[in-house]
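Thanks for making the time this morning. I would like to walk through one model with you, beginning with how its strands are put together and then turning to its surface and a few single residues.

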Amino acid sequence: MTRREQVTIVDAVNAFDTQVINTDTTTSGDIIDVSDCNAATFLIQAGTITLGTLAVVIQEGDDSGLSDAATVGSGYLFYPSGETSASFAASDDNLVKRVGVITDKRYLRLQLTSAASANLTVGAILLKGEANINPTTQT
């Protein structure tokens, strides 16, 4: 039973354009300014994975172009109970993986690295919560 709405307290922004990945490659998502929120959760969705894997890395930094990008340490990443990463294996068809991030940096970016992948469709959003100023403005 739903008792509260979230649209005015959570902002959803594009983090990784939905696309098909056919090669072993590392693809970077959008650079997102998180200075206006106190909570950040990436939602990554993959379609059918016929073979291969998809590794998920989150980068942080203070430069708007992330020239100072560094991988967020494992102690600052949070997963649903029972999960230890947001990466995808060949058996993870049509799933949404979640990873929460704690950072004191201004910008975040999702990086996906595919290995032995063929026709893998993937996309992601970032949920920005606990806005510094409510209500949030949808972007």
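**Strand pairing, surface and loops**

Let me start with one residue pair: F78 has G100 as its bridge partner in β8. Please keep in mind throughout that what you see is a predicted model. Beside that pair, L77 has its own bridge partner in β8, namely V101. The strand concerned is β7, residues 77-78, which runs antiparallel to β8 and is joined to it by two bridges.

Now to β4, residues 37-46, which also pairs with β8 in the antiparallel sense, here over six bridges. Within that pairing, F42 in particular is matched with V99 of β8.

What is the order of the strands in the open sheet? Reading across, the sheet has five strands in the order β1-β10-β4-β8-β7, and the pairing is antiparallel. At the edges stand β1, residues 10-21, and β7, each of which pairs on one side only. As a general reminder, the strands of a sheet pair through backbone hydrogen bonds, either parallel or antiparallel.

Next I would like to turn to β5, residues 53-61, which pairs with β9 in the antiparallel sense over nine bridges. To pick out one contact there, A55 has T113 as its bridge partner in β9. The strand β5 is also joined to β6, residues 70-71, by two bridges, and these two strands run antiparallel; in β6, the residue opposite Q59 is T71.

To relate this to β4, consider A39, which is placed in that strand. A39 and Q59 are 20 residues apart along the chain, and their C-alpha atoms are separated by 15 Å. Is A39 buried, partly exposed or exposed? Its relative accessibility is 26%, and A39 therefore counts as partly exposed, since that class lies between the 20% limit for buried and the 50% limit for exposed.

Let me move to the surface, where Y76, F78 and I102 form a nonpolar patch, with about 320 Å² of accessible area together. You will recall F78 from the pairing with G100 in β8. I102, for its part, lies in the loop between β8, residues 96-101, and β9, residues 107-115. With a relative accessible area of 47%, I102 is partly exposed, because the value falls short of the 50% above which a residue would be called exposed.

On the aromatic side, how many aromatic pairs does a search of the whole structure find? The search finds zero aromatic pairs. There is, however, a contact of another kind, in which K97 lies over the face of F88, at 5.3 Å from the ring centre.

Finally, two backbone details that may interest those of you who look at torsion angles. L66 is not a glycine, and yet its phi is positive, at about 55°. This residue is placed in the loop between β5 and β6, and L66 counts as buried because its relative accessibility of 4% is under the 20% limit. N94, likewise not a glycine, has a positive phi of about 55°, and N94 lies in the loop between β7 and β8.

To close, let me return to the open sheet with its order β1-β10-β4-β8-β7, and to the patch formed by Y76, F78 and I102 on the surface. I am happy to take questions on either.

Key: Residues numbered from 1 in each chain as written. Predicted model: local features only at pLDDT ≥ 70, side-chain atom pairs only at ≥ 80, totals over all residues. Heavy atoms only, no water. Patch = residues over 30% accessible without salt bridge, like charges linked within 9 Å, V, L, I, M, F, W, Y side chains within 5 Å. Areas by Shrake-Rupley, 256 points an atom, 1.4 Å probe, with all protein chains shown as cover. Salt bridge = Lys/Arg side-chain N within 4 Å of Asp/Glu carboxyl O. Helix = DSSP H or I, 4+ residues; strand = E, 2+ residues; numbered from the N terminus. Buried < 20%, exposed > 50% of the residue type's maximum accessible area, 1.4 Å probe, protein only. Phe/Tyr/Trp six-rings, centres within 6.5 Å; stacked < 30°, edge-to-face > 60°. Lys NZ or Arg CZ within 6 Å of the ring centre and 35° of its normal. Pairing = 2+ DSSP bridges.
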